[in-house]
Amino acid sequence: MRRKIVVGNWKMNNSVAESETLALDVLAALGEGFSGCEVGIAPTYLALEATGRILEGSEVQLVAQNCHYENDGAYTGEVSARMINAVGCTSVIIGHSERRQYFGETNATVNLRIKKALSEGLQVILCVGETLAEREAGVTESVISSQVREGLDGISSISPIVIAYEPVWAIGTGKTATSAQAEEVHLLIRTLITELYGKEAAEALRIQYGGSVKPSNAAELFAMPNIDGGLIGGASLNAEDFVAIVKAASR
Ligand code: PEP
């Protein structure tokens, strides 16, 4: 059985002090000794260290929202996998649609970032998803297939990787894919991974859904056979909502 995984992506929200408060609120809402599913939170780079101190000794993992593919050098504004590792991150989100849309991230740079993160021993959350125009043009399958194949090119083991299916049209829009729409793409991803890495590896792969997940729709999404948790944006900024989603995944 795959262990579900829920990660809160705080994006460019919260000062360091606000991040500390929110992390404390999440821990309080989860309660002592929580071990229902794998949980992580991804504050801004600036707040990683302080948030990590709050999470120390808890079950909640510190996750980074991105990392660069070089260790250091002339890459203004970037942070390396080695640096986020040193600050206590155990996982990193790579290829989020906002990175692809606003910062020129491509499948090729996603691939480089994943390779570097893996070499640092980090778990990678690879984000894939189609835009509304792509869905309407009927090319969802080919878009997802290229993002998965090119993102994973040359990577020999899928075991340190989680894939997050996030339809771009559902992110931050309040529009959620129906559980059937999400399940269809999750199954497609698992089939692709079977082709690339074999049946056993594909069965073990966790595939999160992301896109306007809320306490009210989480249980239905997580009940689908190929949905193994969620990558949560907006709702993760409220401790009670985030923990309600975590608890829905833990049932
Ligand atoms: C996200 O950005 O990963 C996301 C899923 O956002 P939201 O939950 O706000 O749609």
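Which helix gives the largest share of the lining of the largest pocket? In this predicted model, that part is played by helix 4, which spans residues 97-102 and supplies three of the lining residues. The largest pocket has a volume of about 480 Å³, and 16 residues line it. Nearest its centre are Lys-11, Met-12, Gln-65, Arg-99 and Phe-103. Sorted by class, the lining of the largest pocket consists of six nonpolar, six polar and four charged residues.

A helpful next stop is the second largest pocket, which holds about 200 Å³ of space. Its lining is made up of 17 residues, and those closest to the centre are Gly-172, Gly-211, Ser-212, Gly-233 and Gly-234. In this lining, nine residues are polar, five are nonpolar and three are charged.

Where, then, is the ligand? The space that the ligand takes is the second largest pocket. Around the ligand stand 14 residues, and Lys-11, His-96, Glu-166, Gly-172 and Ser-212 come nearest. This shell divides into eight polar, four nonpolar and two charged residues. Some names turn up in more than one place: Lys-11 is among the residues nearest the ligand and also among those nearest the centre of the largest pocket. Gly-172 and Ser-212, also listed among the nearest to the ligand, are likewise among the closest to the centre of the second largest pocket.

A closer look at the atoms shows how the protein meets oxygen atoms of the ligand. From Glu-166, a polar side-chain atom lies 2.7 Å from a ligand oxygen atom. Ser-212 takes part through its backbone, with an N or O atom 2.7 Å from an oxygen atom of the ligand. Gly-233 likewise places a backbone N or O atom 2.9 Å from a ligand oxygen atom. Taken alone, the ligand would expose 290 Å², and 96% of that is buried by the protein.

Note on methods. Residues are numbered from 1 along each chain as its sequence is written. This is a predicted model: local features need pLDDT of at least 70, side-chain atom pairs count only at pLDDT 80 or more; totals for chains, interfaces and linings use all residues. Side-chain values use heavy atoms; hydrogens and water are left out. A residue is near a molecule or strand if one of its heavy atoms lies within 4 Å of it. A polar contact is a pair of N or O atoms within 3.5 Å; within protein, one must be able to donate a hydrogen and the other to accept it, and residues adjacent in sequence count only if both atoms are side-chain atoms. Accessible areas come from the Shrake-Rupley method with a 1.4 Å probe; for residues, only the protein chains shown count as cover. On a 1 Å grid over the protein atoms alone, a cavity is a set of points where a 1.4 Å probe fits but cannot get out, and a pocket is an open set with protein on both sides within 12 Å along at least five of seven lines; lining residues have an atom within 4 Å of a point. A molecule sits in a cavity or pocket if more than half of its atoms lie within 2 Å of its grid points. Ala, Val, Leu, Ile, Met, Phe, Trp, Tyr, Cys and Pro count as nonpolar, Asp, Glu, Lys and Arg as charged, and the others, Gly among them, as polar. Grid points are joined across faces, edges and corners, and a volume is the space filled by probe spheres set on the points. Helices (H or I, at least four residues) and strands (E, at least two) are DSSP runs, numbered from the N terminus.
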